[in-house]
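Trainee: Could you take a close look at one part of this model with me and explain how it is put together? I would like to follow it piece by piece, and then see a little of what lies elsewhere in the chain.

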Amino acid sequence: FALLGAAALLSGIQRNAVSLCVILMEGTGTTEIIIPVAITVVCARQVGNMLTHGIYEMGMDFKDYPYLNHVVKQELDMFKVSDIMTKDVTTLKCIESAGDIEKVLHETSVHGFPVIDVNQKLVGLVRRDQLVALLECGIFIEESVHSFKKLDSQYISSDDYHPAVFDNA
């Protein structure tokens, strides 16, 4: 009975049911006690849930750790995505010129741009701050039809400059 009392105490405080049953079963080395321990642990957990939060949830509240609650609050269902999203979406191609990217950054205020391939298929998302960093650092791929030179073991051209947003190679 001492083992069942310890199981009830731990389950009421910690609210971990399955792991507590397994630990107690392995600690005693017998499987005959699994049914009484499981019933005790489940009952203690339910009574504890009716009275207060578990000790780990109290600790997370005390230290202001962000965590998801078990129940979805009704005020989170106030908006649909279509209510707050941009209707006219600005997309970027896998390889864009630096001038086009700079133009998009000046004309829009959004913080993320969908990146599409030649078939208009979404291949990723690039954030505004990533594009600004690419432009500020001068990370470009040189591209030309007539002249080629080797850079980073890839042949790239040298007339037009393109930031390396996404490369499907």
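Mentor: Happy to, and one word first: a residue is buried when its relative accessible area is under 20%, exposed when it is over 50%, and partly exposed in between, using a 1.4 Å probe and protein chains only. With that, we can begin in the middle of a sheet, at β2 (residues 112-116), where four of the five residues are buried, so that the strand is mostly covered. Please keep in mind that this is a predicted model, in which local features need pLDDT of at least 70 and side-chain atom pairs count only at pLDDT 80 or more, while totals for chains, interfaces and linings use all residues. Residues are numbered from 1 along each chain as its sequence is written, and side-chain values use heavy atoms, with hydrogens and water left out.

Helices and strands here are DSSP runs numbered from the N terminus, the helices being H or I with at least four residues and the strands E with at least two. Two strands count as paired if DSSP finds at least two bridges between them. By that rule, the order β1-β2-β3 makes an open sheet of three strands with mixed pairing. The edges are taken by β1 (92-93) and β3 (122-127), each of which has a single partner strand, so one side of each lacks a neighbour in the sheet.

Now to the pairings themselves. Strands of a sheet pair through backbone hydrogen bonds, in either a parallel or an antiparallel way. β1 and β2 run parallel and are joined by two bridges. Lysine 93 has isoleucine 116 of β2 as its bridge partner, and leucine 92 is matched with valine 115 in β2. Helix α7 (residues 128-137) packs on this sheet and touches β1, β2 and β3, its direction making about 75° with that of β3. For such statements, contact means heavy atoms within 4.5 Å; axes are lines fitted to C-alpha atoms, for helices over the stretch in contact, and angles run from 0 to 180 degrees between N-to-C directions.

On the other pairing, β2 and β3 are antiparallel and share five bridges. Isoleucine 116 turns up again here, with leucine 122 as its bridge partner in β3. The hairpin of β2 and β3 has five residues between the strands, and among them glutamine 120 takes a positive phi near 65°. Most residues other than glycine have a negative phi, which is what makes that value worth a look. Glutamine 120 is also exposed, with a relative accessibility of 61%.

Arginine 15 makes a nice comparison. This residue has a positive phi of about 65° although it is not a glycine, and its place is the loop between α1 (2-14) and α2 (18-28). Arginine 15, however, is buried, at a relative accessible area of 11%.

That loop leads into α2, where Leu20, Cys21 and Leu24 are buried. Around the axis these three cover an arc of only 100°, which puts them on the same side of α2; the arc is that of the directions from the helix axis to the C-beta atoms. The buried residues of α2 pack against α1 and α3, while the face turned away from the buried side carries the exposed Val18, Ile23 and Glu26. After α2 comes glycine 29, with a positive phi near 80°.

Helix α6 (residues 98-107) can be read in a similar way: Ala98, Ile101, Val104 and Leu105 are buried there. Down the axis of α6, its buried residues fall within an arc of 125°, so they line one face of the helix. His106 and Glu107 are exposed on the face turned away from that buried side.

One last stop is threonine 40, in helix α3 (residues 34-51). Its side chain reaches the backbone oxygen of proline 36 at 2.7 Å. Beyond its neighbours within four places in sequence, threonine 40 is in contact with Leu4 and Ala8.

To place all this in the whole chain, the protein has seven helices and seven strands, and 24% of its 169 residues count as buried.

Conventions. A polar contact is a pair of N or O atoms within 3.5 Å; within protein, one must be able to donate a hydrogen and the other to accept it, and residues adjacent in sequence count only if both atoms are side-chain atoms.
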